[in-house]
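Reader: I should be grateful for a close look at a single residue in this model, with an account of its setting and of the chain around it. Please treat the matter in one connected answer.

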Amino acid sequence: MPKMLQATISCIQCRQPFRVSFQNVVDAKQDPQAKMRLLTGQLNLAQCPNCGAPNTMLTPLVYHDPAKELLITFVPMELNLSKEAQEKAIGDLVRGVTSELPQGAFKAYLLQPRQALTMQGLIDQVLQADGVTPEMMEAQRSRVRLIESLLEADDADLPTLIQQNDAQIDSQFMQTMTLLAQRMLQEGRQALAERLVMLQNQVVEESSFGQQLIERARVQEEVIQQVAEDVNALGETADRPDFLRLARQYADSEERLQALVGLVRPAFDYQFFQELQVVIGQAAADERPQLEALREKLLELTSLADQQARAALQDAATLLQALVNSENPQEVIEANLALIDVTFMQVLSANVQEAERRGDARMGERLKAIYNLVVTMLQANMPPELQFINEVLSAHSPDAARDLITRRIHEFDGELLGAIDAVEDQVADQNDPAMLERLSLLREAAAQALG
Ligand SMILES: [Zn+2]
């Protein structure tokens with residue numbers, strides 16, 4: 001395993017010295033993550049603990065991918081190394097790579113490393129070996145250029161600019177925007193990331209591709225609604241054969257099957273597939289191919305749902321990291337309210353617990369402060385009815401709750417009753433009689449005040 005090295009560098013912005021870990025060998029086979037970091041410009045990137053500026057540790061570098069017979073060397077020009085010093089540094093690194101090879105794995109390409117003159121050149125060579133053509137790279141660069149020109153444009157010019165580039169706006173363009181925003185967050189450039197997210201919304205609103213996305217989302221929403229109704233109609237005692245019946249009804253509609261798996265993923269467990277296997281075994285010969293196809297499809301969709309859950313976890317962890325690193329977490333939360341969901345809160349709580357387990361009091365405090373901030377901001381963004389219910393529920397005594405209700409109940413209309421219903425549904429399972437009592441108190445007062 002290529003090892004991580006340590007060094008002390010001076011921050012390019014505030015000049016404060018700080019410790020960084022870096023690597024000067026990237027082995028695509030042993031450490032695919034390092035390859036990803038290289039391709040996304042994250043390799044040897046460290047954030048200054050003092051001012052938050054991203055710093056890249058400059059170092060001679062060797063990239064090795066035995067599967068593609070690729071050995072590339074790179075010495076940053078900024079290091080100002082003499083020719084001899086360059087050759088020595090690279091020679092040492094290459095010897096390090098070849099000496100660790102298993103016996104018989106030495107091949108001719110290792111004698112003639114390719115040389116990259118710039119970091120971008122190195123990345124291009126790696127991408128090219130992956131089958132990413134110069135045309136694809138140019139297309140990607142042109143996406144980034146368009147995003148940059150959108151970022152620099154005056155708000156008034158944006159609609160025209162978006163229209164003029166309508167043909168270039170597709171799913172890859174959207175992906176690039178998302179990736180750039182994530183990278184900016186990681187680099188501590190909150191304001192820019194925030195602007196990019198707002199831009200992305202505007203691009204969705206005003207481009208043909210965005211309109212297609214919106215329409216697709218609307219249709220999907222409808223399908224999910226219908227499937228949710230079917231699932232509810234099965235009742236609370238629904239078991240695996242019920243879900244199989246539903247899946248067979250949906251067999252011709254991938255969208256419906258996907259919605260079903262998304263809504264009740266736990267129903268499609270190991271036992272479900274075992275039972276399905278039995279059903280297939282007992283089915284008439286002419287029914288079997290369809291059932292087998294359904295089984296394949298369901299396996300595919302469950303694995304897709306699991307992947308998405310993992311990706312959501314990854315996104316939540318990235319956002320949390322950005323929050324921990326940020327000097328102004330409140331701004332980061334504001335820019336990312338849409339990303340703050342159940343998954344994020346779960347990741348956050350898990351990190352609080354993990355910090356406590358490690359005995360890392362400083363991190364624990366920081367995470368708890370973030371937790372409180374998130375909760376406060378979520379509440380501030382709630383409809384006023386929910387905020388009020390929340391205040392009543394968290395009042396320090398029943399008298400204080402009653403007092404609060406008498407004082408403020410007249411500010412609300414019939415929507416308050418609906419909100420109370422929704423909250424009651426949510427807390428019904430929590431077995432918290434005190435909370436239910438307060439809710440019923442509130443309901444009575446609300447019913448009375450509203451006539
Ligand atoms: Zn700094």
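**A residue in a loop, and its setting**

Author: Leu117 is located in the loop that runs between strand β8 (114-116) and helix α3. The model under discussion is a predicted one, and every value below is computed from it. With a relative accessibility of 65%, Leu117 is classed as exposed, because the threshold for that class is over 50%. Exposure does not leave Leu117 without partners: once residues up to four places away in sequence are set aside, Leu117 touches Phe74 and Met77. The C-alpha atoms of Leu117 and Glu87, which are 30 residues apart in sequence, lie 14 Å apart in space.

The helix that follows this loop holds a residue with another kind of setting. Helix α3 covers residues 119-129 and includes Asp124. Asp124 has a relative accessible area of 18% and is therefore buried, the limit for that class being under 20%. Leaving out residues up to four places away in sequence, the contacts of Asp124 are with Met137 and Arg141. Asp124 is 23 residues from Leu101 along the sequence, and the C-alpha atoms of this pair are 25 Å apart.

Two loop residues that come before Leu117 in the numbering deserve attention for their backbone angles. As background, residues other than glycine mostly have a negative phi. Arg15 has a phi near 75°, a positive value, and is not a glycine. Arg15 is placed in the loop between β1 (5-10) and β2 (17-22), and its relative accessibility of 57% makes it exposed. Glu69, also not a glycine, has a positive phi of about 50°. The loop that holds Glu69 joins β6 (61-65) and β7 (70-74); with a relative accessible area of 36%, Glu69 is partly exposed.

Further along the chain, two helical residues may be set beside these. Glu255 belongs to helix α10, which spans residues 254-263. Its relative accessible area is 49%, so Glu255 is classed as partly exposed. Glu255 and Cys51 are 204 residues apart along the chain, and 48 Å separates their C-alpha atoms. Gln277 sits in helix α11, residues 270-282, and is likewise partly exposed, at 38% relative accessible area. For Gln277 and Glu292, a separation of 15 residues in sequence goes with a C-alpha distance of 8.6 Å.

The interior of the chain supplies the background to these local views. The largest nonpolar core has 40 residues, and those that touch the most other members are Leu150, Phe173, Leu196, Val203, Leu320 and Phe344. Among the elements that give two or more residues to this core are α4 (134-152), α6 (171-186), α7 (190-206), α12 (288-325) and α14 (342-358). Helix α6 provides the largest share of the core, namely seven residues.

It remains to place these details within the whole. The protein chain contains 19 helices and eight strands. Its radius of gyration is 28 Å, whereas the globule rule gives 22 Å for 451 residues; the chain is therefore more spread out than a compact globule. Measured out along the principal axes, the box filled by the C-alpha atoms is roughly 90 × 70 × 55 Å. Buried residues make up 35% of the 451 in the chain. If one takes the contacts between residues at least 6 apart in sequence, 61% of them join residues at least 24 apart. The exposed area of the protein chain is about 26700 Å², of which carbon and sulfur atoms supply 51%. As to charge, there are 39 positive and 66 negative charges, and their mean positions are 10 Å apart.

To return to the residue at issue, Leu117 is an exposed residue in the loop between β8 and α3, with Phe74 and Met77 as its contacts beyond four places in sequence.

How values were computed. Residues numbered from 1 in each chain as written. Predicted model: local features only at pLDDT ≥ 70, side-chain atom pairs only at ≥ 80, totals over all residues. Heavy atoms only, no water. Helix = DSSP H or I, 4+ residues; strand = E, 2+ residues; numbered from the N terminus. Rg over C-alpha atoms; globule rule 2.2 N^0.38 Å. Buried < 20%, exposed > 50% of the residue type's maximum accessible area, 1.4 Å probe, protein only. Contact = heavy atoms within 4.5 Å. Areas by Shrake-Rupley, 256 points an atom, 1.4 Å probe, with all protein chains shown as cover. Lys, Arg positive; Asp, Glu negative; His and termini not counted. Charge placed at Lys NZ, Arg CZ, Asp CG, Glu CD. Core = buried A, V, L, I, M, F, W, Y, C linked by side-chain atoms within 4.5 Å.
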